[in-house]
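Thank you for giving me a few minutes this morning. Please take a look at the sequence and the structure on the screen, and then I will walk you through some parts of the chain.

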Amino acid sequence: LQDRLNTVFKKFKGQGRLDENNIQEGLREVRLALLEADVNFKVVKEFISRVKDRCLGQDVLKSLTPGQQVVKIVHEEMIGLLGGETADLELRGNPAVIMMVGLQGSGKTTTSSKLALHLRRLKFKPLLVPADVYRPAAIEQLTTLGKQLDVPVFASSTDMNPVDIASQAREYAREQGCNVMLLDTAGRLHIDETLMDELAAIKAEVSPQEILFVADAMTGQDAVTVAASFDERLDVSGVVLTKMDGDARGGAALSIKHVTGKPIKFVGMGEKASDLEVFHPDRAASRILGMGDMLTLIEKAQEDITEEEAEKIGKKFQRAEFDFEDFRTQMRRMKKLGSLEGILKMLPGMGGLKEKLGELKVPDKELGRVEAMINSMTMEERKNPNLINPSRKERIARGSGIELDEVNQLVKNFEQMRKMMKKMMGRSKKKGGMPKMP
Ligand code: GDP
Ligand code: MG
């Protein structure tokens with residue numbers, strides 16, 4: 001979707017003059033791109049007609065940069081389609097109850113643990129409550145995830161009834177001073193009445209502030225249909241779209257708010273507990289339109305890096321004092337942030353750089369080798385790479401079990417990188433200010 005829209009927009013922007021014809025033509029491309037991304041056809045139709053009205057109705061044609069105006073209108077309308085404002089969780093009550101619902105395999109259990117981590121970062125005290133008593137391993141799965149995160153998990157057992165689990169867990173949360181409880185419920189492969197009745201009974205028992213429908217983004221339009229029926233029965237308060245890291249075509253994200261009227265609150269970007277992002281319609285629209293998503297990237301980085309530290313590294317870049325020790329720290333951080341590819345995707349302009357992305361891709365395995373080589377250097381060598389002469393290189397190769405050639409390459413590339421950074425930083429300094437990001 002992103003690639004196709006990028007092409008269309010380039011055409012728009014490149015055209016000095018727009019008229020009804022080429023707007024029509026361009027929007028036809030946008031329409032096809034959306035349909036291809038599996039966006040609900042009714043949603044597409046309304047979207048295009050709104051954009052067209054605005055493009056033709058306003059002073060777009062007379063403006064100096066009509067192409068950019070069109071792109072701006074598409075962007076604004078897309079933000080609206082995605083829900084407009086960022087939708088926050090409503091957490092009140094003692095404890096506040098968040099209930100996760102959705103089909104089997106959609107990601108309820110995983111998302112429950114991700115949310116626990118997210119809420120703890122926001123200084124809440126979460127309790128995880130497994131209430132899927134049908135799949136034998138379900139309780140164990142959540143218990144294990146909770147342990148890994150050091151979040152308390154209610155000791156449910158498969159011979160309990162989910163409604164009882166919910167009410168007992170609430171008591172337990174009060175006793176333990178947990179102010180939010182995450183209720184992980186059972187799913188089925190298809191919507192069925194028994195399941196819906198059970199969920200309705202749990203809802204009646206503990207009146208959750210939030211009922212989050214968890215949808216697998218890879219299932220596209222099916223996710224939208226299923227969301228609508230869960231919503232009809234349970235009146236959900238929001239949606240979590242999981243597996244957005246896969247090759248989901250984005251159609252579900254673009255239709256779900258429009259069809260159900262319920263906002264997307266979070267997206268799942270991977271299997272790890274930290275792979276959950278608050279959904280920001282404006283940023284998502286920018287990302288879809290290939291405008292990048294610096295804000296998310298910066299927010300992500302800031303969770304791990306202090307401004308002070310960023311500044312220090314920036315200065316080191318500038319003076320070409322960046323050494324192997326810094327490099328290793330950044331590399332480890334990068335691993336934590338997710339893949340390099342994931343980071344690059346969020347940078348503006350990467351839409352057009354797809355091919356380059358291939359070259360830039362550093363597989364995790366390779367990062368591991370680089371780290372091994374750096375580990376085999378002495379602190380002195382890390383701090384002062386110029387010291388690394390042939391005999392030291394040989395020692396590093398032996399120590400890390402990596403070919404001498406590769407060690408040579410690493411040292412050489414590192415020198416080049418330092419030179420390049422110095423140049424780059426010099427330039428950005430002249431333009432005023434240093435980027436905060438390392
Ligand atoms: P549940 O049946 O709804 O509880 O689903 P689970 O939480 O057990 O998840 C089913 C599978 O999807 C597991 O293998 C998860 O690791 C995987 N999964 C969940 N969320 C994501 C996500 O955001 N990205 C990816 N790649 N996998 C996910
Ligand atoms: Mg589960």
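Before I point at anything, one term is needed: helices (H or I, at least four residues) and strands (E, at least two) are DSSP runs, numbered from the N terminus. With that in mind, Lys-243 can be placed in the loop between β5 (238–242) and α10 (251–260). Please also keep in mind throughout that this is a predicted model.

Let me stay with this residue for a moment. Is Lys-243 buried or exposed? A residue counts as buried if 20 or more other C-beta atoms lie within 10 Å of its own, and because Lys-243 has 21 other C-beta atoms within 10 Å, it is buried. Lys-243 and Val-267 are 24 residues apart in sequence, and their C-alpha atoms are 7.8 Å apart in space.

Now to the chain as a whole. The protein chain has 20 helices and seven strands, and 37% of its 438 residues count as buried. If we take the contacts in the chain with a separation of 6 or more, 75% of them are accounted for by residues 24 or more positions apart.

Next, the strands, and I would like to begin with β3. Strand β3, residues 180–185, is mostly covered, since six of its six residues are buried. In general, the side chains of a regular strand alternate between the two faces of the sheet. In β3 both faces are covered, with Val-180, Leu-182 and Asp-184 buried on one side, and Met-181, Leu-183 and Thr-185 buried on the other.

Which strands are joined to β3? Strand β1, residues 96–101, runs parallel to β3 and is joined to it by five bridges, while strand β2, residues 126–131, also runs parallel to β3 and is joined to it by six bridges. Leu-182 is a good place to see both pairings, for Ile-98 stands opposite Leu-182, and Leu-182 is also the bridge partner of Leu-128.

From there we can move to Val-97, which has its place in strand β1. Val-97 counts as buried because it has 26 C-beta neighbours inside 10 Å. In sequence, Val-97 and Met-181 are 84 residues apart, yet from C-alpha to C-alpha they are 5.0 Å apart in space. Leaving aside residues up to four places away in sequence, Val-97 touches Met-181, Leu-183, Val-206, Pro-208 and Gln-209.

Let me turn to the helices, and to α3 in particular. Helix α3 covers residues 41–57, and at 1.5 Å a residue its 17 residues should span 24 Å, which agrees with the 24 Å between its end C-alpha atoms. Where on α3 are its buried residues? The buried residues are Val-43, Val-44, Phe-47, Val-51 and Cys-55. They cover an arc of only 95 degrees around the axis, and therefore they lie on the same side of α3. On the face turned away from that buried side, α3 carries the exposed residues Lys-42, Ser-49, Asp-53 and Gly-57.

Helix α11, residues 281–288, is mostly covered, with seven of its eight residues buried. Among those buried residues are Arg-283 and Arg-287, as well as Pro-281 and Ile-288.

Now for the ligand. Ligand 1 is surrounded by 18 residues, of which the closest are Gly-107, Lys-108, Thr-109, Thr-110 and Gly-268. Helix α5, residues 108–121, contributes the largest share of this shell, three residues. When the residues of the shell are sorted by type, one is nonpolar, 12 are polar and five are charged.

Finally, some backbone details that you may want to find for yourselves on the screen. The peptide bond from Asn-94 to Pro-95 is cis, with omega near -5 degrees, and Pro-95 is found in the loop between α4 (66–81) and β1. Asp-150, in the loop between α6 (138–149) and α7 (162–176), has a phi near 60 degrees, a positive value in a residue other than glycine. With 9 other C-beta atoms within 10 Å, Asp-150 is exposed. Asp-235, in the loop between α9 (221–234) and β5, also has a positive phi, near 50 degrees, and is exposed, with 10 other C-beta atoms within 10 Å.

Conventions: Residues numbered from 1 in each chain as written. Chains lettered and ligands numbered in written order. Predicted model: local features only at pLDDT ≥ 70, side-chain atom pairs only at ≥ 80, totals over all residues. Near = placed C-beta within 6 Å. Nonpolar A, V, L, I, M, F, W, Y, C, P; charged D, E, K, R; others polar. Buried ≥ 20, exposed ≤ 12 C-beta atoms within 10 Å, placed from the backbone. Pairing = 2+ DSSP bridges. Contact = placed C-beta atoms within 7 Å. Expected span 1.5 Å × (residues − 1). Arc of directions from axis to C-beta.
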